[in-house]
Amino acid sequence: MIAVWGSLLILIFCPILGGLPLINWISYIFTRRKLSQLGTGNISVSAAFYHGGTLVGVLAALSEASKGIIAVLLARAFFPLDPIWELIALIALIMGRYWRGKGAGTTNLFWGMMVHDWQATLLTALIGGGSFTIFRDRATGRLLALFLLAFILTVRHPYDPGYMAMVWALSGLVAWIFAKIPDDLDLPATGTKTYSNKMFRFFRGDQAIISLNNRLNSQKVGGKAATLAYLKRLGYQVPDGWVLLPGDDPQPLLDYLEPSIEQPFVVRSSALEEDTETSSAAGQYQTILNVTSTEKLQAAILDCLNSYNNANARQYRRDRGQTDEGMAVLIQPQIKGVFSGVAFSRDPVNPINNIVVVEALPGQAIKVVSGKITPEQYQVEIYRDYETEAIKIIPLDSSVQLSRDVPDFIIEKVATLVRDLEDLYHGIPQDIEWSYDGEKIWLLQSRSITTLQPIWTRKIAAEVIPGVIHPLTWSINRPLTCGVWGEIFSLVLGKRANGLDFNETATLHYQQAYFNATLLGEIFRRMGLPPESLEFLTRGAKFSQPPLTSTLKNIPGLLRLLNKELSLEKDFYKDNQKLFQPILEQLVTQSLSDLSDAELLVRIETILSLLKRATYYSILAPLSLALRQAIFKVSPEQLDNRYTPEISSLEALKKLASEINTLVDITEIEDSDSLFNLLENKPEGKEIIDQFNQILEQYGYLSKVGTDIAVPCWKDNPKSVQELLTQLVLNQVNSSSKTIDYKPNKKTNRKVQERLNLKGEVTVVYSQLLAQLRWSFIALGKHWVKENNMSEVTDVFYIDYSEICSLIEDRNQELQNKLPQLIKQRQEEFSSHQKLTNVPYIVYGNITPNLTLFDSPSLINKQQLKGIGASVGQVEGKIKIVRNLESFPTIEPNTILVVPYTDSGWSPVLARAKGIISEVGGSLSHGAIVAREYGIPAVMDVPNVTQLLENGQRVRIDGQRGIVEILEN
């Protein structure tokens, strides 16, 4: 019975003891300040030393040491012969310590282990302390000490597996807490009490000399120094350099470095808020050149530090909402430049052109940066294919062509360097300073061009919701999509989602949808995933290895997402049975013509509430499918797509076309009207027409753009489906499906197939809801046409949803009066945007660029285009460009179909082609699915291919390598 009470006491009392904020009380008594409200918010011994001084720190250490000793002695009193309970008591104590005080319990652990096994603890301290003195790296020293402690105790208890497991659990717990909490020793040394400064500096573990050869943290040394250190480690030509941390004593550096007239140094700022993705601080702080002596070096460091507090710099930080984090100083040998300058990987003024801007002058780079001298300016056009590179240099000033100082080879190398750096940073435009010393081009600085942030991409968005978008569609789709993505990301990130505005996930440029690549990259970095994760999951793009440490930090959030993924099918079928299907049945049977405006608005709000949940499934189901395909290594060809709506609808029409071929003479068919007249005059033909109407009813929700409610559905435009059926009757080139290499007996295949089937069912529900939403707005438009509030029913799609609510609920007369003018203006804008043919895939910054400034690449005549291989096979044929589905085109034999995008409504057209090329999309797009199902080679994601190719051109496509080869122009 004593053992039972003892275990209960240990498991209850020790967490409470650990959570007692003794340090906070001690600090408040002596300083009248609470540690929980200072610095990192940790209630720790190091925080007590930092904020309270030596006396407070010593008392804090004694209080925490006593906790560890009490916990071990308590366990020993109840279990004198079982040392495992002493370890359990320490685990309970440290968990309470972290739970209440957000501290790691290092002092608790050390003194508790001293009582538990003083020999092992002292040996660990001796070895670990020696390593710390040598390496002076806190993170490494802590992990090494925890490992040594667990290892030594394991060696001392080799025949007790329970004890060994508990030892490693204790060490693992403390290591996990170290990774979770901020480190008080990362605070500036200048903030410590004077009489505890030396002790703080020693335990902080700073190396006496920090160089650019080290792995540097931008939060400690600033973005400039950290970036140069990173690039130097990668092998870029970065001059040697040394960093003085904020608040550190410069004397070790002054003793170490030997500036001279022969080898002068340059002293530069590296503020902690400088050279970030959103703030460059260009020109705010002082750079001192030609430092030729130790005395001048000391003065230069002081001048550089003082510039942090000048009025302009302080105002710059205030304007951007930055706090005063401090400044590190970067000291480097000064490069004796023969030619120097700056370069931008994208033109900061006109970034949509594929242009690198290089500015150069003889001498030092500072002359260009200062703005006091006009440099030679060059535009460099770089074209890179998967196996070739070509460069063209264009001087901005024609007079420069006659009196140039800077050789072409330098301009080319600099342009290539800055574009390489852009690629290294996942497409974020870079601004560099460089210098050529007669032998090498040295990289002096690299930072993102902050004015070109955020980066907007329509590569994914153009597949999700392609083309020019009506105001009503966008006012509904944007909050739905951004909201659901925000919920998914918040599920994984938890508190780390703070500061992220998920409403900025998408925007419109040229009335086309763009996703915020900068925001998505930041989200994925916080999740411990590579920035290109979304493109990997949705389009099959290459996926780089995520950082292990960052991924480990996100394990709890990723497990929450995994739980959602594992329950996805169960959750959907539950919602489908209890939510989607019952309400869809009500919506189908409801007579829209009998509803008033207010009743239609209630109906619309009901659909929107369902759509939010359906959008969750429509996003997560394809991601789940892509993830399972990647994990189980199941190729798309091994999956059966017959149950997806784009394939099942096509199969139904093809089956009907085969029956028609047995009934009518195809030579009598001229168009869809003649076909249906022939069927009307035959008894069996009337049955065919009934079957056609059943197909139209079953798949009436399909449209050429499944996510755009402004685009007519099959049910709205039966004529287009009649034309499609006619084409299928007349042309049976691709009428037979290929044999699918489907292996249902393989468990991994079944796991992926289940997700594919689920994705198809989700698409049906989602599309049906959107169709019902469209028909609700059409009914509203009919009312307003009848009331002479608008001239056409479809004018309703030029009003956004908030305006519709205001007109119905608030009876907004002012808006009502200006509605005709507003609709006309938006129709004109829509029409002008529809005529644009050179819409860029990337937009830099929040200002929509003027496309009149856009120049098509003039560098070379491209004979090969590269995309994503989506359906294997090689085929030659002639190009037919189809930009929309206003009418179903006639597809001749040997036709390579070129399209801007593919949606489920395109499936019947795509299935009749010999090959498919699409401007956007990936291996999971609708076009790719159709292509694989019918054995048609396909290449997706070939930018601007509808402009680069012409009707009648002969090409060869390789659907495995993703290559389009132009055989004749």
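Start by selecting Ala506 and Phe515: Phe515, in S14, is the bridge partner of Ala506. The model is a predicted one. Widen the selection to the two strands, S13 and S14 (residues 512–516), which pair in the antiparallel sense over four bridges.

Next, add helix H19 (residues 471–493), which lies across S13 and S14 and runs at about 150° to S13. Helix H20 (residues 517–526) also packs on the sheet, where H20 touches S12 and S14. The direction of H20 makes about 35° with that of S14.

Now show the whole sheet. Four strands form an open sheet with antiparallel pairing, in the order S13-S14-S12-S15. Strand S13 (506–509) and strand S15 (842–844) stand at the edges; each has a single partner strand, so one side of each is left without a neighbour in the sheet. From one strand to the next, the twist averages 35°.

From S12, step back to Pro454. Pro454 is found in the loop between strand S11 (441–448) and strand S12 (455–457). The peptide bond from Gln453 to Pro454 is cis, with omega near -5°. As background, most peptide bonds are trans, and most residues other than glycine have a negative phi.

Two residues with positive phi come next. Select Lys633, in the loop between helix H25 (597–632) and helix H26 (645–661). Lys633 is not a glycine, yet its phi is about 55°. Is Lys633 buried or exposed? Lys633 is exposed, with a relative accessible area of 71%. Then select Asn944, in the loop between strand S21 (938–940) and helix H35 (945–948). The phi of Asn944 is positive too, near 60°. Asn944 counts as partly exposed, at 25% relative accessibility.

The last stop is helix H15 (residues 311–319). Begin at its N-terminal end, which Asn310 caps: a side-chain oxygen of Asn310 lies 3.1 Å from the backbone nitrogen of Asn312. Which residues should be coloured as buried in H15? Ala313, Tyr316 and Arg317 are buried. Looking down the axis of H15, the buried residues fall within an arc of 95°, so they line one face of the helix. In general, an α-helix has 3.6 residues a turn, so residues three or four places apart point the same way. Turn the view to the face of H15 directed away from the buried side, which carries the exposed residues Ala311, Asn312 and Asp319. Finish at Gly321, which follows H15 and has a positive phi, near 70°.

Terms used. Residues numbered from 1 in each chain as written. Predicted model: local features only at pLDDT ≥ 70, side-chain atom pairs only at ≥ 80, totals over all residues. Heavy atoms only, no water. Buried < 20%, exposed > 50% of the residue type's maximum accessible area, 1.4 Å probe, protein only. Pairing = 2+ DSSP bridges. Axes fitted to C-alpha atoms, helices over the stretch in contact; angles between N-to-C directions. Contact = heavy atoms within 4.5 Å. Arc of directions from axis to C-beta. Polar contact = N/O pair within 3.5 Å; in protein donor to acceptor, adjacent residues only side chain to side chain.
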